[in-house]
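Visitor: Pick one spot in this model and take me through it closely, then follow it outward to whatever surrounds it. I work with numbers all day, so give me the cut-offs as you go.

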Amino acid sequence: MSQRKPLVAGNWKMNGNQALLGEIAGSLVSYQGGADVVVCPPFPYLAAARAALPGNVQVGAQNLSDQQDGAFTGEVGAAMLSEVGCGYVIIGHSERRALYGEDDALVAAKFARAQAAGLVPILCVGETLEEREAGNTEAVVCGQLLAVVDAVGIDAFASAVIAYEPVWAIGTGKTASPEQAQDVHATLRATLAEKSPNIASSTRLLYGGSVKADNAALLFSQSDIDGGLIGGASLTADSFLAICQAAK
Ligand code: PEP
């Protein structure tokens, strides 16, 4: 039986508005479950999210700058996120890696910036379909994880969350089977354990990739899956609440 508290984070991506925030906040008022819940709307809604959401629900950002402050037009700094009430920030999402060229070094720099401002990073790792079919899943996800571990040190993971998100399952409706996801999670945990058994056993590993209300419970029941990072299904109040309730 895992001692890790489950966590469910909703990644709105570039979707949603003030009305959706009201609906999500309204539905989460009734949430009494045992998971940590994090809502990650786009930047303009973060402060409003902190004001609207119940106190037991955390707010997270979807990205941040690797720079502290200064002449970086369009960027958002970690301290700003912290000041408007964020507790978490998603880092290294596959869309950031693929569409905005974020490499492991930049991901590690963002991770360090987040922690320096008191934010908990949700570090995303995941393989493409091509990488999986070539038998490279383990090498890719462990490589992405170790790039950050090597840059920031294993102890930094005492206050971090890892999300395994197979790229082929994000937004496609193709979920990794519970066994496929569990295999990768076990590998990630073993990789952490080589550096620190304590960190490995306490770090929460989320699964993300087409999690829905009807497949969440089975995924979350796997021994190394400690919750989920939810995209599309976090945009509907009922389905997000149902997924939160599936995390026990
Ligand atoms: C995501 O955005 O991180 C994600 C997992 O999306 P979806 O749940 O829609 O696949």
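Guide: Let's start at serine 210, which sits in the loop between β7 (204-208) and α10 (216-220). Helices here are DSSP runs of H or I with at least four residues, strands are runs of E with at least two, and both are numbered from the N terminus. Keep in mind that this is a predicted model: local features need pLDDT of at least 70 and side-chain atom pairs count only at pLDDT 80 or more, while totals for chains, interfaces and linings use all residues. Residues are numbered from 1 along each chain as its sequence is written, and side-chain values use heavy atoms, with hydrogens and water left out.

Serine 210 has a relative accessible area of 9%, so it counts as buried (under 20% is buried, over 50% exposed, partly exposed in between, with a 1.4 Å probe and protein chains only). Its backbone is worth a look too: serine 210 isn't a glycine, yet its phi is positive, at about 55°. Most residues other than glycine have a negative phi. The side chain has a partner as well, with one of its polar atoms 2.8 Å from the backbone nitrogen of glycine 173. That's a polar contact, meaning a pair of N or O atoms within 3.5 Å; within protein, one must be able to donate a hydrogen and the other to accept it, and residues adjacent in sequence count only if both atoms are side-chain atoms.

From there, step over to the ligand. It is surrounded by 14 residues, and serine 210 is among the closest, along with Lys13, Glu165, Gly171 and Gly232 (a residue is near if one of its heavy atoms lies within 4 Å). By class, that shell holds eight polar, four nonpolar and two charged residues. For the classes, Ala, Val, Leu, Ile, Met, Phe, Trp, Tyr, Cys and Pro are nonpolar, Asp, Glu, Lys and Arg are charged, and the others, Gly among them, are polar.

Now for contacts with ligand oxygens. Histidine 93 places a polar side-chain atom 2.8 Å from one of the ligand's oxygen atoms, lysine 13 has a side-chain N or O atom 2.9 Å from a ligand oxygen, and for asparagine 11 the distance is 3.2 Å. On its own the ligand would expose 290 Å², and the protein buries 98% of that (Shrake-Rupley areas with a 1.4 Å probe; for residues, only the protein chains shown count as cover).

Lysine 13 deserves a second visit. Its place is in the loop between β1 (7-11) and α1, and it has a positive phi of about 55° despite not being a glycine. Lysine 13 also turns up at the largest pocket, which holds about 410 Å³ of space. Of the 13 lining residues there, those closest to the centre are Lys13, Met14, Gln62, Arg96 and Tyr100. Helix α4 gives the most to that lining, with three residues, and the lining as a whole divides into six nonpolar, four polar and three charged.

How is that space found? On a 1 Å grid over the protein atoms alone, a pocket is an open set of points with protein on both sides within 12 Å along at least five of seven lines, a cavity is a set where a 1.4 Å probe fits but cannot get out, and lining residues have an atom within 4 Å of a point. Points are joined across faces, edges and corners, and the volume is the space filled by probe spheres set on them.

As for enclosed space, searching the whole structure gives one cavity of 30 Å³ or more. The largest cavity has about 40 Å³, and its lining includes Glu165, also one of the ligand's closest residues. Elements that give two or more residues to this lining are α4 (94-99) and β5 (120-125). The class split is four nonpolar, four polar and two charged.

One last hop, to α11 (residues 237-246), which holds alanine 242. With 28% relative accessible area, alanine 242 is partly exposed. Its C-alpha is 5.6 Å from that of alanine 213, 29 residues away in sequence.
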